[in-house]
Amino acid sequence: MVPPKKFISMRLKESFVETRSAKGISLRELLDILSKHYEKNSNHSEREGKKNLACPYQNLPDDERIALDHLKKLTAALNKLTPDNFYIQLLEIQDLVPANNYQLMKTFACLIVDKAVNEELYSILYARICHALQNIELTEVEEETVHDFGTLVLDECYGKFCYARSDIPWFSHEGRNEKERLELSTTEDRKRKLLVGIVRFLGDLFKTGMLDIRGIFQYIKKLEQNVNERSTGSLCKLLGRVGEELEAAIFQSELETDWCFTWERIASLSQRESLSLKQKALLLNLLNLRNNGWVSKFSTPLPRTSAEILLEEKEEADDVPTAERSQKLMNEIAIANDVISKEPTVIETEKQLLNLLKTNEDAHARIMQWELGNFKGRKTWLIYSLTRAVLRVSVEGNTINRITFSNHISLLKRYIISRQAEVACIYAVQYIVVNEMNNPKGLLEQMCDILHANDIVSYIAFLDWRENWSKNPVLEVKGRAEAHITLANFFMKLFWGSIKPSAKYTSIVKELNSFDLEHFVSMSKLPPEIGKRIKMEEEREKALLKKNIEDQNYCSNNILPLKTL
């Protein structure tokens, strides 16, 4: 159900006071609307279950049944989401997004925000989904409604944030019976969990670039204004999650003074006697985290891959003890992480190549001479080491020096002459950017853009790296799933760019054949974008054939007999 229009039109920049004035209602009336809406939504699942029991699926009207089917498919796609199948599920969700129906689009936005709030491990994946779909526009809109999916998501987050943060003064325990006090306590506990979940998701939206610096900073200021246990815990959660990235971005903006003032206030609050011990501990831990360069003592939990989920389910069924199961999983991950990065030949080769690149005097000729006379090992190891060495001399801070990198493009092209070499090159980029540099925002996509634009790595090689068609050993397991998620938009851009008619356009079937991949790829295992391209090419050929036949028929019917002289 769509919220009241009084609430839909609220935006992040608006305060309760501004909205109240614009709508001509009191603050209490506005908070009542907000509370009733979210209290009603908190029991949505229970109500829907009772409704379905009372009204069988077959008896629903056609439009409601179609809508229910649509939401079931979207929910199923979100439930199957894991780091290793992220792109596949993203394409499925993209095809299912109801861009022509405001009610369904709004419900889907609410669904994805609720899942992000309740599933901490997968919050970052849901944020990536929202970022990828943010520009999808509604084709049918009503007055006072938003016009794209990204705004719907941000509005839903803001509404939940306002509800969870608000302290309603007439919610007093005095003069209430035991049942009412229990209901109020339950409501407060629910709001606390909701606030923690929503700020965590907002932090992930900032990491993906969907929420800008000003947007996330406004949330920080609002949390800072409320000195209570709920807001303090959420503030520490948000800054602990995005503090490092936010601080680096703020120091390059005009918000630096406000940022410094925020930390002065946090330090002052941590010494306030009226605060509880829990609040003081949270604030002091946050200050220590910042002073230690944002290096946490505890590792951030990551979303589990399909293989990890299956392994856990299998061992639970076999009654394997939890400690033994965790140790086994850690051993498998440790073995997988050492596929190539710690290979002695690779380490020594990279060291030699890096020294030669830094000489700047006929570096390319020296490298070719050294390779012919000294290198003994697999060709993929050389490509992997060479790419890593080139990246080390080209990356400055969290950006790529395009001039330095362009000077080494000819060297990379000389050695990267096969699909297997191209895939090794991508694994090297994955290692440097994701594993060593902790995946700075935008750098991985920027690097892949440069490699593709300069014809160093082909579209098919990127797909082979992602899908491992050729069944070659995976050179780098660590960071692979995170790289797949980060490059979701890059793959979508590659796909849509690949189908545009141009001088470089070739049939996808011919591309597959040219890389000798047809015996690795069956139609049932094709990535969805390849299946789409094949279908589009078939339709294009049919349309062209039909047009040629119509042209021939037109010409034959309109040829006039030659006049005899």
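Here is a quick tour of the aromatic contacts in this predicted model.

Residues count from 1 along each chain as its sequence is written, and side-chain values use heavy atoms, with hydrogens and water left out. Since the model is predicted, local features need pLDDT of at least 70 and side-chain atom pairs count only at pLDDT 80 or more, while totals for chains, interfaces and linings use all residues.

The structure holds ten aromatic pairs. Rings of Phe, Tyr and Trp (its six-membered ring) pair up if their centres lie within 6.5 Å; planes under 30 degrees apart are stacked, over 60 edge-to-face, and the rest tilted. Two of the pairs go in the table.

| Pair | Geometry | Centre to centre | Angle between planes |
|---|---|---|---|
| Phe217 and Trp259 | tilted | 6.3 Å | 45° |
| Trp465 and Phe491 | stacked | 6.4 Å | 10° |

The tilted pair links distant parts of the chain: Phe217 belongs to helix H11 (residues 213-225) and Trp259 to helix H13 (residues 256-269), 42 residues apart. The stacked pair also ties distant parts together, with Trp465 in helix H24 (residues 459-467) and Phe491 in helix H26 (residues 488-498), 26 residues apart. Helices here are DSSP runs (H or I, at least four residues), numbered from the N terminus.

Phe217 and Trp259 are both buried, meaning under 20% relative accessible area with a 1.4 Å probe, protein chains only. Trp465 and Phe491 are buried too. Phe217 and Trp259 also join Trp263 and Trp294 in one aromatic cluster.

Then there are charges over rings (NZ of Lys or CZ of Arg within 6 Å of the ring centre and within 35 degrees of the ring normal). Arg414 puts its charged end over the ring of Tyr415, 5.3 Å from the centre, and Lys441 lies over the face of Phe206, 4.9 Å from the ring centre.

Terms used:
Helix = DSSP H or I, 4+ residues; strand = E, 2+ residues; numbered from the N terminus. Buried < 20%, exposed > 50% of the residue type's maximum accessible area, 1.4 Å probe, protein only.
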